[in-house]
Amino acid sequence: MFSFFKKKPVAPEVPEVIAPASAPTPALPASSDPEPLFAIEEPAQKQSWMSRLKAGLSKTSSNLSILFVGAKIDEALYEELEAALLMSDAGIDATEYLLDALRQKVKDDKLLDAAAVKAALKQLMIDLLSPLERKFELGRHQPTVMMISGVNGAGKTTTIGKLAKHMQSHGQSVLLAAGDTFRAAAREQLMVWGQRNNITVISQASGDPAAVSFDAVQSGKAKGLDVVMIDTAGRLPTQLHLMEELKKVQRVIGKGMDGAPHETLLVIDGNTGQNALAQVKAFDDALKLTGLIITKLDGTAKGGVLAAIARVRPVPVYFIGIGEKIEDLQPFVAAEFVEALLG
Ligand SMILES: Nc1nc2c(ncn2[C@@H]2O[C@H](COP(=O)(O)OP(=O)(O)OP(=O)(O)O)[C@@H](O)[C@H]2O)c(=O)[nH]1
């Protein structure tokens with residue numbers, strides 16, 4: 001089944017490479033100015049993203065923002081706020097932190113009306129979530145090697161597809177590694193997708209995920225590509241042998257290129273709520289994550305989990321996802337997120 005007992009990281013078999021018909025986009029010269037990804041500049045696009053983010057987070061926001069409509073600033077309001085934050089999966093720590101800070105602010109600034117208290121809460125939430133903001137940059141390494149992990153069905157493969165297409169449309173040459181050697185369908189899915197989108201995918205029929213990853217890094221280096229993205233099989237943090245396998249994949253990537261993987265990302269399903277926090281802790285302990293991608297925030301009532309992450313394990317959130325389309329994945333911006341929640 002899994003080959004994590006093998007001593008050698010590189011499997012002897014020849015990897016299958018699904019290459020696009022045309023050669024990949026030539027590598028850009030290494031630039032001293034790394035390029036941030038996904039910056040929405042156009043006001044119309046920004047507006048469209050904000051309205052979709054608001055709609056996506058409406059189940060989380062409805063419990064919160066309604067509290068302030070015509071509310072009196074009394075103990076009942078704080079209690080309802082506490083319940084709403086806990087229901088949004090902000091967790092006990094972040095909820096207590098926000099409520100204590102809000103009480104203090106209301107007292108210090110002598111706030112008397114609900115709108116002012118809501119504005120104060122908004123600012124506190126922005127301050128809490130801002131440290132999670134981090135721009136995803138390319139161009140510091142050639143290739144930039146990214147390893148993508150997460151539990152089953154979190155949205156890893158879909159997210160890789162969205163990122164790859166976006167990077168490609170920004171002139172980046174991208175190589176994907178089908179490191180999910182456990183689920184044959186996942187491998188097929190990535191290969192078909194690669195062919196359709198003119199993106200090279202490295203895969204092995206009965207592969208060792210570490211070997212596939214190593215080959216991908218070697219190939220990325222040899223071809224002078226910009227980005228190598230390595231998909232991994234979904235696993236639960238409680239499956240300790242599979243977490244060990246993931247650590248091995250990470251180590252072997254490092255043997256393929258010094259300093260790689262440059263990004264070790266965890267994809268989290270935003271519907272998971274408090275369990276997401278357990279996932280962040282476990283994957284971070286095992287792999288030292290460089291960033292998170294939180295998917296499926298559309299339609300969830302549990303968007304408050306970002307506050308829990310910010311308090312308990314503040315791993316940067318590079319992107320958030322609110323749907324299946326490519327434009328539904330965007331950089332996390334604390335002020336936008338809070339505006340969608342409480343705006
Ligand atoms: N609504 C919604 N669905 C999403 C989002 N991101 C991914 N999905 C869907 O979630 C499902 C699982 O996505 P995958 O990318 O296959 O997940 P995975 O983590 O690779 O799954 P495994 O390979 O089983 O571990 C698919 O149906 C995706 O279309 C999102 O932001 N919103």
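**Close-up 1. Strand β4, covered on both faces.** In this predicted model, strand β4 takes in residues 144-150, and seven of its seven residues are buried. Look at one side of the strand and you find T144, M146, I148 and G150; flip to the other and there are V145, M147 and S149, and all of these are buried. So what we have here is a strand with both faces covered.

**Close-up 2. The partners of β4 in the sheet.** Which strands does β4 pair with? One is β7 (residues 227-232), joined to β4 in the parallel sense over five bridges. To get your bearings on that pairing, find I148, which stands opposite D231 in β7. Another is β8 (residues 263-269), which also runs parallel to β4 and is joined to it by five bridges. Here the pair to look for is M147 and its bridge partner T264 in β8.

**Close-up 3. Two cis prolines, each in a loop that leads to a strand.** Start with P143: the peptide bond from Q142 to P143 is cis, with omega near 0 degrees. P143 sits in the loop between β3 (137-138) and β4. Now move along to A260 and P261, which are joined by a cis peptide bond as well, this one with omega of about -5 degrees. P261 belongs to the loop between α9 (240-256) and β8.

**Close-up 4. The shell around the ligand.** How many residues surround the ligand? The count is 20, and the closest are G155, T157, T158, G234 and G321. Sort the shell by class and you get three nonpolar, 10 polar and seven charged residues. The largest share from one element is three residues, and these come from helix α6 (residues 156-169).

**Close-up 5. Helix α6, largely enclosed.** Staying with the helix that gives the ligand shell its largest share, we can look at α6 by itself. α6 has 14 residues and reaches 20 Å from its first C-alpha to its last, close to the 20 Å expected at 1.5 Å a residue. Why call this helix largely enclosed by the rest of the structure? Because 10 of its 14 residues are buried. The buried set is K156, T157, T158, T159, I160, G161, K162, L163, A164 and M167. T157 and T158 in that list will be familiar as two of the residues closest to the ligand. Just after the helix comes G171, with a positive phi of about 80 degrees.

**Close-up 6. Helix α7, buried on one side and exposed on the other.** Helix α7 covers residues 184-196, and its 13 residues should span 18 Å at 1.5 Å a residue; the end C-alpha atoms are 18 Å apart, which agrees. Its buried residues are A186, R187, L190 and G194. These cover an arc of only 100 degrees around the axis, so they fall on the same side of α7. What does the face turned away from the buried side carry? There you will see the exposed residues A184, A185, E188, V192 and R196.

**Close-up 7. N198 and K296, non-glycine residues with positive phi.** N198 comes just after α7, in the loop between α7 and β6 (200-203). Phi of N198 is near 60 degrees, a positive value in a residue other than glycine. Is N198 buried, exposed or partly exposed? With 16 C-beta neighbours inside 10 Å, N198 counts as partly exposed. K296 isn't a glycine either, yet its phi is positive at about 55 degrees. Look for K296 in the loop between β9 (291-295) and α11 (305-312). K296 has 24 C-beta neighbours inside 10 Å, so K296 counts as buried.

**Close-up 8. Q330 and the annotated stretch at residues 316-329.** Q330 sits in strand β11 (residues 329-331). Because Q330 has 21 C-beta neighbours inside 10 Å, it counts as buried. How far apart are Q330 and I293? In sequence they are 37 residues apart; in space, C-alpha to C-alpha, they are 9.6 Å apart. The other thing to pick out in this view is residues 316-329, which an unreviewed UniProt entry annotates as "domain: SRP54-type proteins GTP-binding". Over that stretch the chain is 0% helix and 43% strand, with 16 Å between the end C-alpha atoms.

Key
Residues are numbered from 1 along each chain as its sequence is written. This is a predicted model: local features need pLDDT of at least 70, side-chain atom pairs count only at pLDDT 80 or more; totals for chains, interfaces and linings use all residues. A residue is near a molecule or strand if its C-beta atom, placed from the backbone, lies within 6 Å of it. Helices (H or I, at least four residues) and strands (E, at least two) are DSSP runs, numbered from the N terminus. Ala, Val, Leu, Ile, Met, Phe, Trp, Tyr, Cys and Pro count as nonpolar, Asp, Glu, Lys and Arg as charged, and the others, Gly among them, as polar. The expected span of a helix is 1.5 Å times one less than its number of residues. A residue is buried if 20 or more other C-beta atoms lie within 10 Å of its own, exposed if 12 or fewer, and partly exposed in between; C-beta atoms are placed from the backbone. The arc is that of the directions from the helix axis to the C-beta atoms. Two strands pair if DSSP finds at least two bridges between them. UniProt positions are given in the numbering used here, feature names are shortened, and annotations may be inferred rather than shown by experiment.
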